[in-house]
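Here are a few exercises to work through with the model open beside you. Try each task before you read its solution.

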Amino acid sequence: HTRSMKVVDQAAKARKIETVLSYAETDQRPLEEYLSKVKQNMPAELLSCVSFAVDDVVLDAHPRFDLALTELIENAISHHSGEEPIAVRVTTDVSPTDVTIIVEDNGPGLPPSEFAVLEAGEETDLEHGSGIGLWLVYWIVSRSNGTLSVQVSDSGTEVRITLNRPDSTSDV
């Protein structure tokens with residue numbers, strides 16, 4: 001049953017990737033609009049582990065950027081181990097031209113092999129990730145004309161997504 005549920009979950013993520021790839025344009029929306037979708041679609045017990053400290057900023061991003069944020073948060077929660085309570089923080093670093101959304105956790109850290117596959121841009125028989133969730137994030141960020149970086153330390157994983165900001169006069 002557990003394996004079957006994993007296959008169903010992977011198939012759902014594959015459908016999301018198909019949806020993501022069908023959009024070529026970006027939208028200019030407030031970050032809070034994307035975060036509202038994340039909060040609406042995430043179970044309360046998971047959301048209770050997440051803190052949000054973000055700036056009021058407009059992004060130029062893929063229309064389903066919320067899926068990337070949801071995936072990163074759910075990954076951080078589901079892969080947490082240890083005795084410490086799960087803690088995931090979503091913050092921003094804003095400049096006049098771009099915004100970096102930072103998702104950090106206190107988990108065991110993303111294995112280097114998982115992110116190395118994304119940096120290479122392909123999977124092989126010998127080098128591949130354990131799932132397609134990070135590919136979903138990768139394609140959304142790519143379609144948003146953004147960059148994705150991961151930093152792993154003893155205290156957890158920090159994922160940074162940097163996106164362009166539209167003209168600052170359109171900020172909310």
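**Exercise 1.** Work out how helices α2 and α4 are oriented to each other in this predicted model.

*Solution.* Start with the geometry: α2 (residues 31–41) packs against α4 at an angle of about 55°, and their axes lie 9 Å apart. Next, recall that angles under 35 degrees count as roughly parallel and those from 65 to 115 as roughly perpendicular. The two helices are therefore oblique to each other. Finally, check the hand: the crossing of α2 and α4 is right-handed.

**Exercise 2.** Find which residues of α2 and α4 meet, and sort them by class.

*Solution.* From α2, take L31, Y34, L35, K37 and V38; they meet F65, D66, L69, T70 and I73 in α4. Sorting this contact gives seven nonpolar, one polar and two charged residues.

**Exercise 3.** Trace the sheet and place α4 on it.

*Solution.* Begin with the strand order, β2-β4-β5-β7-β6, which makes an open sheet of five strands with mixed pairing. The edges are β2 (50–53) and β6 (147–153), each pairing on one side only. From one strand to the next, the twist averages 15°. Now look at β2: four bridges join it to β4 (residues 88–94), and the two run parallel. Here S51 stands opposite R89. Lastly, α4 (residues 65–78) lies across β2, β4, β5 and β7, at about 25° to β5.

**Exercise 4.** Decide where to trust the model and where to be careful.

*Solution.* The protein averages a pLDDT of 82, with 76% of the residues scoring at least 70. Among its elements, β4 has the highest mean (97) and helix α5 (residues 112–120) the lowest (62). Over residues 122–130, pLDDT stays under 50.

Technical notes:
Residues numbered from 1 in each chain as written. Predicted model: local features only at pLDDT ≥ 70, side-chain atom pairs only at ≥ 80, totals over all residues. Heavy atoms only, no water. Pairing = 2+ DSSP bridges. Axes fitted to C-alpha atoms, helices over the stretch in contact; angles between N-to-C directions. Contact = heavy atoms within 4.5 Å. pLDDT = per-residue confidence, 0-100. Parallel < 35°, antiparallel > 145°, perpendicular 65-115°, else oblique. Left-handed = near helix turned anticlockwise from the far one by under 90°. Nonpolar A, V, L, I, M, F, W, Y, C, P; charged D, E, K, R; others polar.
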